[in-house]
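Dear colleague,

I am passing this structure on to you, and below it you will find an account of what came out of a first look. Please read the notes with the structure open beside them.

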Amino acid sequence: MNPAEVQHAVQARLRDHRRRLSPDLWPGFDALMARRGFLSDDPDVFFHPLGQPIVSFPLWVAAAVGDDGPANRGRLLDLVEATVAGYLYVRVQDDRLDEAIGDPDEALFLADAFLVRHQVLLARHVGSSERFWALFEQVATDYSEAMLLERSVMRAGSTYGPEEFDRVLRRSHPLVLTGAALLDIADRWEMLEPLRRFVHHAVRAAQLVDDLLDCEVDRAAGRFTWVVRRLDGEVGPEAMARAFITGGLDEIVAEALADVESAQRAASDAGMAEGRAWLDARRGEVLSLRERIL
């Protein structure tokens with residue numbers, strides 16, 4: 001499947017999901033789609049190298065385990081949709097916690113609708129696999145802890161260092177689940193460890209870049225991310241600007257590139273050749289972004 005086919009299939013499935021929702025949730029669903037651009041014609045929405053590979057990751061894993069043939073197209077699209085639904089579940093909660101977007105009651109049930117769809121699609125293909133659902137439960141526990149931790153550490157005066165940053169990143173580790181489902185189906189569970197490393201470092205690099213680009217908006221809103229703190233944002237805007245241009249930008253870009261390299265090694269260990277190519281593009285985008293910022 002080429003990217004345009006995958007994007008069209010995902011969007012058709014999102015529209016079908018909307019039709020199955022209570023009409024009370026349609027405004028929240030539509031607003032979410034507009035914020036994320038998921039129903040637009042822009043291919044960068046799903047495939048830009050600086051984004052999260054929520055659509056591409058299951059395709060890469062399927063290719064690595066030899067499960068990407070035409071006979072398995074329906075299953076693979078189910079797992080791609082499961083990844084998107086899981087991402088949107090997180091997005092609804094994150095938008096509500098970070099920016100108070102949407103009605104809180106409606107957001108609760110819209111998030112639930114995405115989570116249920118995510119689980120239904122996974123269960124359709126992994127059945128009652130004990131090892132998969134044990135992983136699912138652990139990842140879900142880590143996700144909840146990470147979301148609550150992030151809320152506390154971003155407050156002024158809190159301790160937010162590299163250890164806390166890595167723990168907060170567990171909120172994005174559910175990305176591994178559809179890859180793990182494919183490993184379970186193909187009986188290639190030994191590949192789980194490099195997949196988890198890939199997800200962690202790919203997410204880490206993207207978060208560093210996002211927080212770098214958003215540092216002034218975050219500081220002004222009182223969201224003291226790890227990047228804001230590293231750039232002296234708690235001191236004030238002038239201190240942050242000074243730290244930014246006197247080494248802070250280069251330090252954070254270098255760290256993001258180191259995470260790209262770590263993700264590259266994990267992709268190699270997992271046999272994800274297309275993932276490596278995507279990471280090459282991400283490295284180029286990060287370097288180009290640094291020059292544009294300067």
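Just after helix 5, alanine 100 takes a positive phi of about 55°, although this residue is not a glycine. Please keep in mind throughout that the model is a predicted one.

Alanine 100 lies in the loop that runs between helix 5, residues 73-99, and helix 6, and because its relative accessibility is 48%, under the 50% that an exposed residue must pass, it counts as partly exposed. Another residue other than glycine with a positive phi is aspartate 232, where the angle is near 65°. Aspartate 232 sits in the loop between helix 12 (226-230) and helix 13 (237-269), and with a relative accessibility of 36% it also counts as partly exposed.

Turning to helix 5 itself, its 27 residues should span 39 Å at 1.5 Å a residue, and since the C-alpha atoms at its ends are 38 Å apart, the model agrees with that expectation. Of those 27 residues, 19 are buried, so helix 5 is largely enclosed by the rest of the structure. Alanine 85 belongs to this helix, and it counts as buried because its relative accessibility is 4%, which is under the limit of 20%. From alanine 85 to alanine 111 there are 26 residues in sequence, and the distance in space between their C-alpha atoms is 9.2 Å.

Helix 10, residues 192-213, can be described in a similar way: it has 22 residues and reaches 32 Å from its first C-alpha to its last, close to the 32 Å expected at 1.5 Å a residue. Helix 10 is mostly covered as well, with 17 of its 22 residues buried.

On the surface, Asp24, Asp103, Asp105 and Glu106 gather in a patch of negative charge. One of these, aspartate 105, has its place in helix 6, residues 104-126, and it counts as exposed because its relative accessibility is 54%, over the 50% required.

The salt bridges deserve a section of their own, for the count comes to 29. Arginine 219 forms one of them with glutamate 216, and the closest N and O atoms of that pair are 2.9 Å apart. Why might these two side chains be well placed to meet? Arginine 219 and glutamate 216 are three residues apart in helix 11, residues 215-220, and so are separated by about one helical turn. An α-helix has 3.6 residues a turn, so residues three or four places apart point the same way. Within this pair, arginine 219 is buried, with a relative accessible area of 17%, whereas glutamate 216, at 37% relative accessibility, counts as partly exposed.

A second salt bridge joins the side chains of arginine 283 and glutamate 261, at 2.7 Å from N to O. This pair links distant parts of the chain, since arginine 283 is in helix 14 (residues 273-293) and glutamate 261 is in helix 13, 22 residues apart. Both partners are partly exposed, arginine 283 with a relative accessible area of 22% and glutamate 261 with one of 35%. Arginine 290 and glutamate 291 also meet through their side chains in a salt bridge, at 2.5 Å from N to O. In addition, Arg35, Arg91, Asp94, Asp95, Glu150 and Arg171 are linked in a network of salt bridges.

Two further distances may help you to find your way around the fold. Serine 129 is found in the loop between helix 6 and helix 7, the latter covering residues 130-153, and with a relative accessible area of 12% this serine is buried. Serine 129 and isoleucine 185 are 56 residues apart in sequence, while their C-alpha atoms are 9.3 Å apart in space. Tryptophan 133 has its place in helix 7 and is partly exposed, with a relative accessible area of 24%. The C-alpha atoms of tryptophan 133 and aspartate 250, which are 117 residues apart along the chain, are separated by 41 Å.

With best wishes

Conventions. Residues numbered from 1 in each chain as written. Predicted model: local features only at pLDDT ≥ 70, side-chain atom pairs only at ≥ 80, totals over all residues. Heavy atoms only, no water. Patch = residues over 30% accessible without salt bridge, like charges linked within 9 Å, V, L, I, M, F, W, Y side chains within 5 Å. Areas by Shrake-Rupley, 256 points an atom, 1.4 Å probe, with all protein chains shown as cover. Salt bridge = Lys/Arg side-chain N within 4 Å of Asp/Glu carboxyl O. Lys, Arg positive; Asp, Glu negative; His and termini not counted. Charge placed at Lys NZ, Arg CZ, Asp CG, Glu CD. Helix = DSSP H or I, 4+ residues; strand = E, 2+ residues; numbered from the N terminus. Buried < 20%, exposed > 50% of the residue type's maximum accessible area, 1.4 Å probe, protein only. Expected span 1.5 Å × (residues − 1).
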